Amino acid sequence: MADTNGGSITPLARELSQPRLASAYDASPTGPQLHPCRMRKLSSCASLDKTEPGRSPCAAEARVLVLNTGGTIGMTLHDNVLAPKANALVESLRKLPILHDEVYAQQTGLYEYYGHETTLVLPLSKSKKRIVYTILEYNPLLDSSNMTTEDWVKIGKDIEKNYESYDGFVVLHGTDTMAYTASALSFMCEHLGKPVVLTGSQVPIYELKNDGRDNLLGALLIAGQFVIPEVCLYFYNKLYRGNRVTKVDAGSFNAFASPNLAPLAIAEVDITINWDTVWRANTTAKFQVSTQLNRNVGLLRLFPGITASSVNAFLQAPMRGVVLETYGSGNAPDNRPDLLAVLKKATDDGVIMINCTQCLKGTVSASYATGQVLAEAGLIAGGDMTPEAALSKLSYVLAKNELDLSAKKKLMAQNLRGEMTNEFQGSQLCLSNSHFIQLIAKTLSISCREELAAIRNALTPPLACAAAKSGDIEALDALREMGSNLCLGDYDGRTPLHVAASDGHLKMVQYLLENGASVHAKDRYGDTPLSNAVRFRQKDTVKLLRKTGAHLSRDQLEEAGSELCSLAVSGDLEGLENWSLAGADLSKPGYDGRTAIQVAEAAGRREVMAFLVQLINNKPQRFFGDFREYDKYDDDDDEGGLVIEFTAPPAGR
Ligand SMILES: NC(=O)C[C@H](N)C(=O)O
């Protein structure tokens, strides 16, 4: 097994690991040639950072897909009213130097490489990243007041379709119903591992003084640089969890609030991510979008004197789910038997009703008799959920036809995507209070909270990586219980999952995936846990990561052709199999235009050709050796009639 160099791949080790394969391939009869794409990337990326000899050429480029659904950000005045203007946004962004670097685009052949006119690139970010973004404009563009559940489904499907090609997603959207869309998408996106950031503006981006440029820039910087596996909303320098926001101001740039959850990030001089609050992945399942939504849901706001008959009319079929907006901490009149009877009848008939407060901030609690009556009428306490979140959650849960009514009710009471605060939260032991950190702080004479947090953030990722390296799940569990975030990277951006994947600690990989680790984390070299597992030939880990939705990046897929050719020349079947399991296209040409099969043929490696044919035909990939060639292979046969028969591998292999 390859030496993983302590779980952390130094530039030197990386350089040392390449030449054997590169030279074998370069020794091919036609000699080395540079693929045009690679030439572009090498020259462009070299100009970014010449000081890191082993850095993957494109580690510093991230890709973001922008779905432009409409909203004020792209509106212009027609007959004195604002309305969306089609086909105008890309051209005006292209002229804004803070949102597009034309020189870089030209010098690096960006347009030819990405093949479309709607791709732009941000100037170099503070952390030396290039964010390349492609805008997909919807037709028609909508004022968000015109949006329906069909539009949520379209956005969800577009994210799903493009998921593997981008590092993150930005959704441009009107502010009026943005909180509803953000909430709905948060539930629809199951096992999300990448950032989806909704944003828009209060003033069109075409106007002299507007908030659209800053909002779009901030959303792009976050979506391109941080693996925040959540549907978020970015507005006026703050990143919020999408299902926690509500629009609170129609006339200010500061239009949104997240009353019951602190922002996930604040973008001031620097972008500061509050990693303690960011939702952590806990799954080994692949990302998917659930597009089934039940439209028979509604919001009903209590007011003094509301009549039982109007409530009764509202609750009639086909209504299946209702959010009742109640007073204070979830209260309703307990002296109105007529009203309570109507509510009870509806829940008895199978309508799911959620109790949410009308207050902007706070939670539904069982402290008053006036609240108790609603529980008795069969309503489910909605905790501190916003009505927008509760409504879209109902729509999502009610559409799960495989579940019975009680399972649906159970889901409604559960925290699915961080939309409600768990009761036990807050009592969690925090690492900043732990003895270990306290001791270090004392030794260093540190007492202020910020410095304590800085120590914790600096110390825990390397500790977690060390535990992952030694396969010590107990130590990781202790770190996790103390509140540390197992998806954070060390000084090289390497996360515990990178380390465990490199070493093939399968149980550890499984544990990490179930406890917040992201399969999409990239280290400073652009490597992901999957690319590490491939490099170190950890076949079972490759399989598990793939099952969890890990995939090679566009650049890794591009470069795979040359890598496969090198492996083919050296007869490295195990290496080829690992690339194949990781999703590489085995018929991808290398840098001189030949495929691995052609290179194997030129090198006289028939066993490799046979193996590749078997992999390409998707036959069971179970052997590294014994097969017998059925020699109909004819070098002169231009039709390429390759026929190879395999014997069963010997027992016990
Ligand atoms: N600021 C905005 O975007 C408001 C606009 N009416 C919309 O929601 O589309």
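This report looks at one annotated repeat and at the enclosed cavities of the structure. The model you see is predicted.

**The repeat and its helix**

Let's start with a stretch of chain that has a label. An unreviewed UniProt entry places the feature "repeat: ANK" at residues 492-524. Over those residues the chain is 52% helix and 0% strand, and the C-alpha atoms at the two ends are 6 Å apart.

Helix 19 covers residues 506-514. Which of its residues are buried? They are M508, V509, Y511, L512 and L513. Here, "buried" means that under 20% of the relative accessible area is left. After helix 19 comes G516, and the phi angle of G516 is positive, near 105 degrees.

**The cavities**

Now let's look for empty space inside. Rolling a probe the size of a water molecule over the atoms shows where empty space is left. How many cavities of 30 Å³ or more does a search of the whole structure find? There are two, and the table sets them side by side.

| Cavity | Volume | Lining residues by type |
|---|---|---|
| Largest | About 130 Å³ | eight nonpolar, seven polar, one charged |
| Second largest | About 40 Å³ | one nonpolar, five polar, two charged |

The largest cavity holds about 130 Å³ of space. It is lined by 16 residues, and the closest to its centre are H191, G193, V519, H520 and T548.

To find the second largest cavity in the structure, look for D276, R456, N457, T460, G483, S484, N485 and L488, which line it.

Methods. Residues numbered from 1 in each chain as written. Predicted model: local features only at pLDDT ≥ 70, side-chain atom pairs only at ≥ 80, totals over all residues. Heavy atoms only, no water. Buried < 20%, exposed > 50% of the residue type's maximum accessible area, 1.4 Å probe, protein only. Helix = DSSP H or I, 4+ residues; strand = E, 2+ residues; numbered from the N terminus. UniProt positions renumbered as here; feature names shortened; annotations may be inferred. 1 Å grid on protein atoms, 1.4 Å probe; cavity = no way out; pocket = protein on both sides within 12 Å on 5 of 7 lines; lining within 4 Å. Points joined across faces, edges and corners; volume = space filled by probe spheres on them. Nonpolar A, V, L, I, M, F, W, Y, C, P; charged D, E, K, R; others polar.
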